[in-house]
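Q: Please take a close look at the pockets of this model. Which residues and elements line them?

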Amino acid sequence: MEKRSLLGAVEMYVKNLFDTYHRPQLLYHNFAHTQQVVAHAYEISYHNRLDNDDLFIVVSAAWFHDTGYLFGDGGHHEEKSVQLMLEFLAAFPIEPATAEAITACILSTKMPAKPNSLLEKIICDADTYHLGTDTFKSLNKLVWQENESRLHTKLANQPVQTLRFLEVHRFYTPYCQYLLNAGKEKNIAWLKAQLQ
């Protein structure tokens, strides 16, 4: 099966996982978020002129990266996402190096992110793309609502913790730095204004 067709199979499999194991408390880490990360992975990949093999790695990682949330509390969801990806791809003639590269991309999204390769940098930027956009405020609210739902408690100091996160976060690809850093600074300024 050629890579483009296989990506279609990956998408269908992941969509089926989210449908079958639907967890209503996943207000942020849901299928809509996954679709956004995939769209941003394509965007950043095209800008970096990835070949078909590398594009397959990044986009597969984007589809699978949060599937682990469907089967646990989120603490080690990246490892579970890798397991689900490996189980699915075992049915196809995928080179071990490709599976290893997808694994590395998924694990690189673990916070705090430490991407090494260009492909890992692309998936990390795709995953946090919203931090530099106008959708940040609404999506950040969903992150906190999801965390409170998961932990069954009200979480204090949300603007302080979010500000800390944004201040240590960085975009790794020159494309996202150019495109999103100014928007992220605007969101940081908004958070600081909340705290005054």
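A: The residues that line the largest pocket divide into eight nonpolar, 13 polar and six charged. The model is a predicted one, and the pocket volumes below are computed from it. For the largest pocket the volume comes to about 690 Å³. Its lining is made up of 27 residues, and those nearest the centre of the pocket are His29, Met111, Val143, Asn147 and Phe165. Three elements each give two or more residues to this lining: helix 4 (77-89), helix 7 (136-151) and helix 8 (158-168). Of these, helix 7 gives the most, with seven residues.

The second largest pocket has a volume of about 240 Å³. Here 16 residues form the lining, with Tyr28, His33, Gln36, His130 and Leu139 lying nearest the centre. Two or more residues of this lining come from each of helix 2 (31-47), helix 6 (118-127) and helix 7. In the second largest pocket the leading contributor is helix 2, which gives five residues. By residue class, the lining of the second largest pocket holds eight nonpolar residues, seven polar ones and one charged.

Helix 7 takes part in both linings: it is listed among the elements that give two or more residues to the largest pocket, and it is listed likewise for the second largest pocket.

Conventions: Residues are numbered from 1 along each chain as its sequence is written. This is a predicted model: local features need pLDDT of at least 70, side-chain atom pairs count only at pLDDT 80 or more; totals for chains, interfaces and linings use all residues. Side-chain values use heavy atoms; hydrogens and water are left out. On a 1 Å grid over the protein atoms alone, a cavity is a set of points where a 1.4 Å probe fits but cannot get out, and a pocket is an open set with protein on both sides within 12 Å along at least five of seven lines; lining residues have an atom within 4 Å of a point. Grid points are joined across faces, edges and corners, and a volume is the space filled by probe spheres set on the points. Helices (H or I, at least four residues) and strands (E, at least two) are DSSP runs, numbered from the N terminus. Ala, Val, Leu, Ile, Met, Phe, Trp, Tyr, Cys and Pro count as nonpolar, Asp, Glu, Lys and Arg as charged, and the others, Gly among them, as polar.
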